[in-house]
Amino acid sequence: MRCPQNGKEGLEVPLKTVKNFLVGKALARLDPQSPHYLCQDPGCPVVYYGAEGVYLLEEVRFPVYDKGASLVCYCFDWTRESLREALARGLDPVAQVEEGVRAKRCACDQRNPRGRCCLSTLKAEVARLASA
């Protein structure tokens, strides 16, 4: 489904993720029978949308990476800044997160606004920072 604001195709997100991110007033409008999508365009004010309408940045409880927030890994609190610092110290944030995932400590289906594992995003961000 396309974002009603910018017309770009959104990423389908599990209902439990959307419910975790929405503030109370926005949650009151939620149609639990409808699929919901994340607008990944950082320039668009819409975060989530579904058949019942849109949910804007001010209607979510947590920062959203796709909307420009620094938080990359929602389970283990990796930000762009902490990734940069870890890389400068020779640490491997990806290996640390992979270990947490193997140990079943992550909750990406609820904590990540995409509703799925952040490893691909984390790896891409680490690669970008390492080449900068």
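Of the 132 residues of the chain, 41% count as buried, and this share, like every value in this report, is computed from a predicted model.

## The chain as a whole

The chain holds six helices and six strands. Read from the N terminus, these elements follow one another in the order β-α-α-β-β-β-β-β-α-α-α-α. The C-alpha trace spans about 45 × 30 × 20 Å along its principal axes. A compact globule of 132 residues would have a radius of gyration near 14 Å, and because the chain has 15 Å, the two values agree.

Contacts between residues at least 6 apart in sequence can also be sorted by how far apart their partners stand along the chain, and 58% of them join residues at least 24 apart. The chain exposes about 7,100 Å², of which carbon and sulfur atoms supply 52%. As for charge, there are 19 positive and 16 negative charges, and their mean positions are 2 Å apart.

## Cysteines without a bond

How many disulfides does the chain have? The count comes to zero, and the distances between sulfur atoms show the reason. A disulfide needs two cysteine sulfur atoms within 2.5 Å. For Cys75, the closest cysteine sulfur belongs to Cys108 and is 3.8 Å away, so the pair is too far apart for a bond. For Cys117, the closest cysteine sulfur is also in Cys108, at 4.5 Å, which is again too far for a bond. With regard to their surroundings, Cys75 has a relative accessibility of 11% and therefore counts as buried, while Cys117, at 38%, counts as partly exposed.

## Residues in loops and at a helix

Two residues stand out through their backbone angles. Asp77 has a positive phi of about 60° although it is not a glycine, and this residue is placed in the loop between strand E5 (71-73) and strand E6 (78-79). Lys104, likewise a residue other than glycine, has a positive phi near 60°, and it lies in the loop between helix H4 (93-102) and helix H5 (108-111). A residue counts as exposed when its relative accessible area is over 50%; Asp77 passes that cut-off with 56%, and Lys104 passes it with 75%.

Ala28 is also a loop residue, found between helix H2 (24-27) and strand E2 (36-38). Its C-alpha atom is separated by 26 Å from that of Lys8, although the two residues are 20 places apart along the chain. Ser120, by contrast, belongs to helix H6 (residues 119-131), and its C-alpha atom is separated by 9.6 Å from that of Val94, 26 residues away along the chain.

The table gathers the accessibility of these four residues.

| Residue | Relative accessibility | Class |
|---|---|---|
| Asp77 | 56% | exposed |
| Lys104 | 75% | exposed |
| Ala28 | 66% | exposed |
| Ser120 | 54% | exposed |

## Two buried residues and their contacts

Is Asp41 buried or exposed? Asp41 has a relative accessible area of 18%, and because buried means under 20%, it counts as buried. This residue lies in the loop between E2 and strand E3 (46-50). If residues up to four places away in sequence are left out, Asp41 touches Asn6, Lys8, Asp66 and Lys67. Leu11 stands 30 residues from Asp41 along the chain, and the C-alpha atoms of these two residues are separated by 11 Å.

Leu122, a residue of helix H6, is buried with a relative accessible area of 0%. Which residues is Leu122 in contact with, once its neighbours within four places in sequence are left aside? The contacts of Leu122 are Val72, Cys73, Trp78, Leu83, Pro93, Val94 and Val97. Of these partners, Val94 has already appeared in this report, as the residue whose C-alpha atom is 9.6 Å from that of Ser120. Arg61, on the other hand, is 61 residues from Leu122 in sequence, and the two are 21 Å apart in space from C-alpha to C-alpha.

Helix H6 thus offers a pair of residues to look at side by side in the structure: Ser120 is exposed at 54%, whereas Leu122 is buried at 0%.

Terms used. Residues numbered from 1 in each chain as written. Predicted model: local features only at pLDDT ≥ 70, side-chain atom pairs only at ≥ 80, totals over all residues. Heavy atoms only, no water. Helix = DSSP H or I, 4+ residues; strand = E, 2+ residues; numbered from the N terminus. Rg over C-alpha atoms; globule rule 2.2 N^0.38 Å. Buried < 20%, exposed > 50% of the residue type's maximum accessible area, 1.4 Å probe, protein only. Contact = heavy atoms within 4.5 Å. Areas by Shrake-Rupley, 256 points an atom, 1.4 Å probe, with all protein chains shown as cover. Lys, Arg positive; Asp, Glu negative; His and termini not counted. Charge placed at Lys NZ, Arg CZ, Asp CG, Glu CD.
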